[in-house]
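I opened a notebook for this structure and kept the entries short. Each entry says what I looked up and what came back.

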Amino acid sequence: MAGVQPPPLRSLDDFLLCSARFAVPDVRDLDRWNNRIINNLLYYQSNYLVSALGLLLLVGYFQPFQLLVGAMVVTLIFLGFVWVAENQAPVRRFRRNHPSISVFAILLASYLFISVLGDVAVFLFGIAFPIMMVLVHASVRLRSLKNKLENKLESIGLKRTPMGLLLEALGQEQEAGS
């Protein structure tokens with residue numbers, strides 16, 4: 001984790017308001033759509049973290065124990081998936097070739113495990129909703145020149161960020177910055 005720098009918080013104007021440009025992604029060009037998502041995840045990662053934490057705190061205020069159980073389950077399943085993907089070649093290839101299905105599988109496994117525990121509503125609102133919000137924003141937010149420059153610095157290794165490490169763990173490091 002040495003050399004990891006958290007990126008700056010982007011202005012609300014750049015993130016959501018006036019200067020932000022949004023467009024529905026072209027679902028016929030999955031590579032371009034995937035590229036947009038990854039680069040927006042890298043560029044706006046601090047904003048996404050603050051937004052997700054805000055929603056988690058709101059849910060945690062009303063259901064703290066259930067939120068903690070849900071967070072632990074998702075974390076353990078994610079870590080298990082990363083470990084299996086690093087130690088099993090077929091899973092590693094699947095993770096690299098189908099990143100969206102991999103994330104969906106992690107969320108589905110988490111949902112099934114938590115539903116057995118009875119904390120479905122807390123999982124849906126406290127964990128899955130912030131992830132869905134981040135992915136929707138990253139899908140429809142068009143990239144700016146500043147966004148492209150920051151992502152290029154990340155991809156050539158001049159900057160290391162937490163989101164860059166997460167994407168690397170999901171097998172998406174080759175996509176970042178392209």
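Entry 1, charges over rings. I looked up Arg-141 and found its charged end over the ring of Phe-22, 5.8 Å from the ring centre. I note here that the model is a predicted one. I then turned to Arg-10, which lies over the face of Tyr-43 at 3.8 Å from the ring centre.

Entry 2, a surface patch. Phe-22 came up again, this time in a nonpolar surface patch that it makes with Leu-12, Leu-16 and Leu-17. I wrote down about 370 Å² for the area of this patch. Leu-12 belongs to helix H1. Is Leu-12 buried or exposed? Its relative accessible area is 51%, and the cut-off for exposed is over 50%, so Leu-12 counts as exposed.

Entry 3, aromatic pairs. I searched the whole structure and got 5 aromatic pairs. One of them joins Phe-15 and Tyr-48, with 5.6 Å from centre to centre and 65° between the planes. I entered this pair as edge-to-face, because the angle is over 60 degrees. Where do the two residues of this pair lie in the chain? Phe-15 is in helix H1, residues 12–15, and Tyr-48 is in helix H3, residues 45–62. They are 33 residues apart, and the pair links distant parts of the chain. I also checked the accessibility of Phe-15 and Tyr-48, and both are buried.

Entry 4, an aromatic cluster. Which residues form one aromatic cluster with Phe-15 and Tyr-48? I found Tyr-43 and Tyr-44. Tyr-43 is also the residue whose ring face has Arg-10 over it.

Entry 5, helix H3 again. I looked up Ala-52 and placed it in helix H3. Its relative accessibility is 15%, and the limit for buried is under 20%, so Ala-52 counts as buried. I then checked Ala-52 against Val-134: their C-alpha atoms are separated by 7.9 Å, while the two residues are 82 residues apart along the chain.

Entry 6, the record. The unreviewed UniProt entry carries the annotation "transmembrane region" for residues 41–61, 67–85, 97–114 and 120–140. I compared two of these spans with the model. Residues 67–85 are 100% helix and 0% strand, with 27 Å between the end C-alpha atoms. For residues 97–114 I noted 94% helix and 0% strand, and here the end C-alpha atoms lie 28 Å apart.

Notes
Residues are numbered from 1 along each chain as its sequence is written. This is a predicted model: local features need pLDDT of at least 70, side-chain atom pairs count only at pLDDT 80 or more; totals for chains, interfaces and linings use all residues. Side-chain values use heavy atoms; hydrogens and water are left out. Rings of Phe, Tyr and Trp (its six-membered ring) pair if their centres lie within 6.5 Å; planes under 30 degrees apart count as stacked, over 60 as edge-to-face and the rest as tilted. Helices (H or I, at least four residues) and strands (E, at least two) are DSSP runs, numbered from the N terminus. Buried means under 20% relative accessible area, exposed over 50%, partly exposed in between (1.4 Å probe, protein chains only). A charge sits over a ring if NZ of Lys or CZ of Arg is within 6 Å of the ring centre and within 35 degrees of the ring normal. UniProt positions are given in the numbering used here, feature names are shortened, and annotations may be inferred rather than shown by experiment. Patches are made of residues with over 30% relative accessible area and no salt bridge: like charges are joined within 9 Å, nonpolar side chains (Val, Leu, Ile, Met, Phe, Trp, Tyr) within 5 Å. Accessible areas come from the Shrake-Rupley method with a 1.4 Å probe; for residues, only the protein chains shown count as cover. A salt bridge is a side-chain nitrogen of Lys or Arg within 4 Å of a carboxyl oxygen of Asp or Glu.
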